[in-house]
There are 2 protein chains.
Amino acid sequence: MLDRIDHVGIACRNLTAKIAFYESVFDLTVMSREVNEEQGVREAMLRIAAAPGGSSWIQLLEPLAPDTPVGRFLARRGEGVHHIGYGVDDVAASLAALHEQGVRLVDERPRHGSLGASIAFLHPKSVGGVLTELVQAAGAGH
Amino acid sequence: MLDRIDHVGIACRNLTAKIAFYESVFDLTVMSREVNEEQGVREAMLRIAAAPGGSSWIQLLEPLAPDTPVGRFLARRGEGVHHIGYGVDDVAASLAALHEQGVRLVDERPRHGSLGASIAFLHPKSVGGVLTELVQAAGAGH
C-alpha cells in the first residue's frame, strides 16, 4: 500500500526563518510555497530526493492562526514533527481498505494537498500516536 | 547534503504489537530486528521503498528500560514520531560541516546504527524541535 515516504511535515512558528535554516544548513531548495486555507497553513516544500515513484520532501508548516490544527499543535507540543506523509497509488482505494480494517480516518474522502496531490489523514490514535497522511501525487494512480 | 529520507523513527511501548499493526494494516514487512544496547532500544526496520540512493524505512523503537532516551520520550510525550533519519554520503564530513555552521550535535563522532549504518544525531534544539539523525548506509561513502 505504501510506496514511499512522501514527506515529513514539520510545524514551525516562522516559515521564512525555518526555510532559511533548512536552505543554509542542509543545502535544500524550496520548490513550492502554498497557502492552504482549508488546512489553515502557510507551507513550503523542500525537495530531498527525486525517486522513481515520486519525490520526497520536507514540508514546513506555519499556522495561519492559533485556532487551527497546526496552531493548536504548536501551543501544545512546540515546534517539531507534525505528521508523516506516505505515497500511495490510489488514496481513495487505500482509505476504503483502511476503513475496512477499522482504522479511524480523519478524512473519509480525499482532499487537496500540496503540489496538486490528493491526500487524506488517518487519526493518530489509530496509528500509534503518528498523524499519518496518505498522498497520491498529481498524475499518479487513475 | 541530504540525499533521502532514510527513515522515520517511531517510539512505541510494545514492539511486537506495533510490528503486527504495521504488517497487517499497511502490508509492510520487517526486514531486520536488532537490540542496540548503547541506545537502549529494541527495534525493527520495515522497508517502505528501495530507492537508487538507498532504501526508506519505518523504524519501530521500544525502550529497553524507562531510564533510556526512548523510555523518557514515551513518559513525556507518549507514542509517536521520535526522530527523522536522513541519508548522507559521508556522516563524518556532514557532522564537521554542521558543527562549523553552529549546529549543536548530540554525537560528535559517528556511531553504530541499524543495518550496519554509521549514524549521528543532531540536537533538536538546533533543528526546530526535530531530533535529526544522519545515516550513512553500510557500504556508502568512503
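The lining of the second largest pocket consists, by class, of eight nonpolar, six polar and three charged residues. The structure is a predicted model. This briefing covers that pocket and then the contact between chain A and chain B.

**Second largest pocket**

- The volume of the second largest pocket is about 150 Å³.
- Its lining is made up of 17 residues, and those closest to the pocket centre are Asp6(B), Trp57(B), Leu115(B), Val135(B) and Ala137(B).
- Three strands of chain B, namely β1 (4-11), β4 (54-63) and β8 (132-136), each give at least two residues to the lining of this pocket.
- β4(B) accounts for the largest share of the lining, with four residues.

**Relation of the two chains**

- A turn of 180° with a shift of 0.0 Å along the axis lays chain A on chain B, and the RMSD is 0.0 Å.
- The two copies are therefore related as by a two-fold rotation axis.
- Both copies use the same surface, since 100% of the contact residues of chain A recur in chain B.

**Contact between chain A and chain B**

- Chain A contributes 38 residues to the contact, and chain B contributes 38 residues.
- About 3000 Å² is buried between chain A and chain B, and 69% of this area lies on carbon and sulfur atoms.
- The number of salt bridges between chain A and chain B is zero.

Technical notes. Residues are numbered from 1 along each chain as its sequence is written. Chains are lettered from A and ligands numbered from 1 in the order in which they are written. This is a predicted model: local features need pLDDT of at least 70, side-chain atom pairs count only at pLDDT 80 or more; totals for chains, interfaces and linings use all residues. Side-chain values use heavy atoms; hydrogens and water are left out. On a 1 Å grid over the protein atoms alone, a cavity is a set of points where a 1.4 Å probe fits but cannot get out, and a pocket is an open set with protein on both sides within 12 Å along at least five of seven lines; lining residues have an atom within 4 Å of a point. Grid points are joined across faces, edges and corners, and a volume is the space filled by probe spheres set on the points. Ala, Val, Leu, Ile, Met, Phe, Trp, Tyr, Cys and Pro count as nonpolar, Asp, Glu, Lys and Arg as charged, and the others, Gly among them, as polar. Copies are superposed by least squares on the C-alpha atoms of residues with pLDDT of at least 70 in both. Contact means heavy atoms within 4.5 Å. Buried area is the accessible area (1.4 Å probe) that two parts lose on being put together, summed over both. A salt bridge is a side-chain nitrogen of Lys or Arg within 4 Å of a carboxyl oxygen of Asp or Glu.
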